[in-house]
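Trainee: Hi! Could you walk me through this model?
Mentor: Sure, let's have it in front of us and take it piece by piece.

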Amino acid sequence: MYSANFEHMRVTGEFDSSWLSSLNHVQAEKQSKWLFHMHTHDNLLEISYVISGKGTLYCSGKFYELLAGDIVIKNPGIQHAESSDAKNPIEQACLLIDGLSMHNEFPLGNLPPVVHAKKHRQLLDALINEILHETRRQNLEYANYMLRTILYVCRDEVKNTVSEKERVEKGDLIEQIRAYLDVNFAADISLNDIAEKFHISMYHLARQFKKYTGFTINDYLVSCRIGESQRRLIYKSDSINEIARKSGFHSIAYFYACFRKKVGCTPAEYRLFYDRKTDSHSANLN
């Protein structure tokens, strides 16, 4: 682990009441079973950025998974511990800053201390790489400039995440997701795909979608797909296998199981009941 300490390297501009105390570059692949046990930083705010790999943070009685692109914010005096994933060692830059509090500059509210960078991910990657390079060269003035920019970017990411959380809680984002599923239900969509597309955690998405729609994501997709298969069985002459595929089912066995459970009969029995094959006036819907 590379570490650099600074003598009151003050941050200029909006953050001029704070300064960088130290910078640590953790490369767990060089340290077998890297683990930093419970500790605090008195009077220092720690902001870490996960460059690559995976790890785990224990903070305020909870465990959090750390992934590449995560901004990790630990307030002064907060007990926390960190460890690296053995198979995918973590690499992170840890900035210890004096004179700054996340309560004032980083309005997390009820958010966890781990915020995933979305809007500025590539910029943060470049900034962190640059500040590591300049501190090794002892170019402290330029490192100071980099730190100020990093703080601006991190604060913007936190504010965006807070705004997103508020939108989700109001139901606006869930309505957008529901409308997206209404159009794209036949595609091969997973909970993770939806979470990534709408920049929301899978856990929060699953909980809020159930809260506002009464369905789990999977149940909603299955309902849309079964409804589409019913329509096609009545109005189209495609084979049952083709109808299953066009309705979003990629396993015929799963289609049959879902159809019987939701409709109460097999697809063939359902088609026979409506018997549209011999009706010359059957609707030809797309």
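**Helices, rings and a sheet**

Mentor: Keep in mind that this is a predicted model. Let's begin with a helix pair: helix α4 (residues 172-184) packs against helix α7 (residues 217-235).

Trainee: Okay, at what angle do α4 and α7 pack, and how far apart are their axes?

Mentor: The angle is about 35 degrees, and the axes are 9 Å apart. Those two values are used because packed helices are described by the angle and the distance between their axes.

Trainee: Is the crossing of α4 and α7 left-handed or right-handed?

Mentor: Right-handed.

Trainee: And which residues meet there?

Mentor: From α4 you have R178, L181 and D182, and from α7 there are I217, Y220, L221 and C224. Sorted by character, the contact of α4 with α7 has five nonpolar residues, no polar ones and two charged ones.

Trainee: Switching to rings: how many aromatic pairs are there?

Mentor: The structure has nine aromatic pairs. In one of them, F215 pairs with Y220 edge-to-face, with 5.4 Å from centre to centre and 80 degrees between the planes.

Trainee: Are F215 and Y220 buried or exposed?

Mentor: F215 is partly exposed, at a relative accessible area of 33%. Y220 is buried, at 11%.

Trainee: What about F259 and Y270, why is that pair called edge-to-face?

Mentor: Their ring planes stand at 75 degrees, and over 60 counts as edge-to-face. The ring centres are 5.6 Å apart.

Trainee: Where do F259 and Y270 lie?

Mentor: F259 is in helix α9 (residues 252-263) and Y270 is in helix α10 (residues 267-274), so the pair ties together parts eleven residues apart in sequence.

Trainee: How accessible are F259 and Y270?

Mentor: F259 has a relative accessible area of 0% and is buried. Y270 also counts as buried because its 10% falls under the 20% cut-off. Ring pairs also link F259 and Y270 into a cluster with F249, Y254, F255 and Y256.

Trainee: New topic! What order do the strands of the open sheet come in?

Mentor: The order is β3-β8-β5-β6, four strands with antiparallel pairing. At the edges are β3 (35-39) and β6 (62-67), each pairing on one side only. From one strand to the next, the twist averages 15 degrees.

Trainee: And how many bridges join β5 and β8?

Mentor: Five bridges, between β5 (residues 54-59) and β8 (residues 80-84), in the antiparallel sense. To find your way around there, look for L57, which stands opposite E82 in β8.

Technical notes. Residues are numbered from 1 along each chain as its sequence is written. This is a predicted model: local features need pLDDT of at least 70, side-chain atom pairs count only at pLDDT 80 or more; totals for chains, interfaces and linings use all residues. Side-chain values use heavy atoms; hydrogens and water are left out. Two strands pair if DSSP finds at least two bridges between them. Helices (H or I, at least four residues) and strands (E, at least two) are DSSP runs, numbered from the N terminus. Axes are lines fitted to C-alpha atoms, for helices over the stretch in contact, and angles run from 0 to 180 degrees between N-to-C directions. A crossing is left-handed if the near helix is turned anticlockwise from the far one by less than a right angle, and right-handed if clockwise. Contact means heavy atoms within 4.5 Å. Ala, Val, Leu, Ile, Met, Phe, Trp, Tyr, Cys and Pro count as nonpolar, Asp, Glu, Lys and Arg as charged, and the others, Gly among them, as polar. Rings of Phe, Tyr and Trp (its six-membered ring) pair if their centres lie within 6.5 Å; planes under 30 degrees apart count as stacked, over 60 as edge-to-face and the rest as tilted. Buried means under 20% relative accessible area, exposed over 50%, partly exposed in between (1.4 Å probe, protein chains only).
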